[in-house]
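Please explain the terms used to describe this structure, and set each value against the definition behind it.

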Amino acid sequence: MKLFISTASPYARTAQVVLREVGLDPKLIESETHPFNNEQEFLRANPLGKVPCMLLDDGSSIYDSEVICQYLDFEFNQEKLWQPIMQSWSLRTLYSHVSGLLDLAVALRQEKMREEEKLRSDFWWSRFESGLLRGFSFLENNISRLPNDLSLLHINLTCLVDYMSFRHSDIKLKCDQVNQLCLELKSRQSFKATEPKG
Ligand SMILES: N[C@@H](CCC(=O)N[C@@H](CS)C(=O)NCC(=O)O)C(=O)O
């Protein structure tokens, strides 16, 4: 089994955290790959050219991050990370909400990279930023709905919050309760070992 990751990708980090939480040895599985390097083995495994991607021993592959996280949890962890949210449509929606915020945060990062090429779009920049502000405000108002047990929702949320500090520290988010919850989660070894870099 091989997990293609990039240490700057918040999506890859969710899979890295789950890998550790289910007790697999990351040293034997993780392979750092910059998606822009277009390595052949990686592109064969995921023609979309995105990390994370999991190559299985039978040559088949699994992506995207949500499918990889569920695969690891189902195959190696008796679904313990999915169970706290799977029974509730409202919590599954909150999980999608966090995934949507990850998409906005990465899209805004790409917009910032375009600025270096003088291709910045004020329209998209402000649309992504206001989506993030609204989305975090919603999260702050709904944080008490999170289940007590660690779940894929907690993992995605913590990767999102850290990615915001990593790439968008200029955006002042009002989300003290979200930050407090994530601070507690970040004391886990799985998060400490996978802090964003790059
Ligand atoms: N929905 C995908 C998104 C993955 C994704 O966009 N990864 C980025 C890194 S943060 C990537 O590999 N980008 C390379 C590209 O788009 O060419 C997931 O959840 O895995």
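The questions and answers below concern a predicted model.

Q: What makes the overall size of the protein chain agree with that of a compact globule?
A: For 198 residues, the globule rule gives a radius of gyration near 16 Å, and the protein chain has 17 Å, so the two agree. Along the principal axes, the C-alpha atoms fill a box of roughly 45 × 45 × 30 Å.

Q: What share of the protein chain counts as buried?
A: A residue is buried if 20 or more other C-beta atoms lie within 10 Å of its own. Of the 198 residues, 33% count as buried.

Q: Which domains does the domain assignment give, and how many residues does each contribute to the contact?
A: The assignment gives domain 1 (2-76) and domain 2 (83-188). Their centres, taken over C-alpha atoms, are separated by 21 Å. Domain 1 contributes 9 residues to the contact and domain 2 contributes 8; residues count as in contact if their C-beta atoms lie within 7 Å. On the side of domain 1 that touches domain 2, α1 (10-21) and α4 (65-76) each supply at least two residues, and the largest share, 6 residues, comes from α1.

Q: Why are Gly49, Lys50 and Tyr63 counted among the residues around the ligand?
A: A residue is near a molecule if its C-beta atom lies within 6 Å of it. The residues surrounding the ligand include Gly49, Lys50 and Tyr63, along with Ser9, Asp64 and Val106. By class, this shell divides into 6 nonpolar, 3 polar and 3 charged residues.

Key. Residues numbered from 1 in each chain as written. Predicted model: local features only at pLDDT ≥ 70, side-chain atom pairs only at ≥ 80, totals over all residues. Domains from an automatic or database assignment. Contact = placed C-beta atoms within 7 Å. Helix = DSSP H or I, 4+ residues; strand = E, 2+ residues; numbered from the N terminus. Nonpolar A, V, L, I, M, F, W, Y, C, P; charged D, E, K, R; others polar. Rg over C-alpha atoms; globule rule 2.2 N^0.38 Å. Buried ≥ 20, exposed ≤ 12 C-beta atoms within 10 Å, placed from the backbone.
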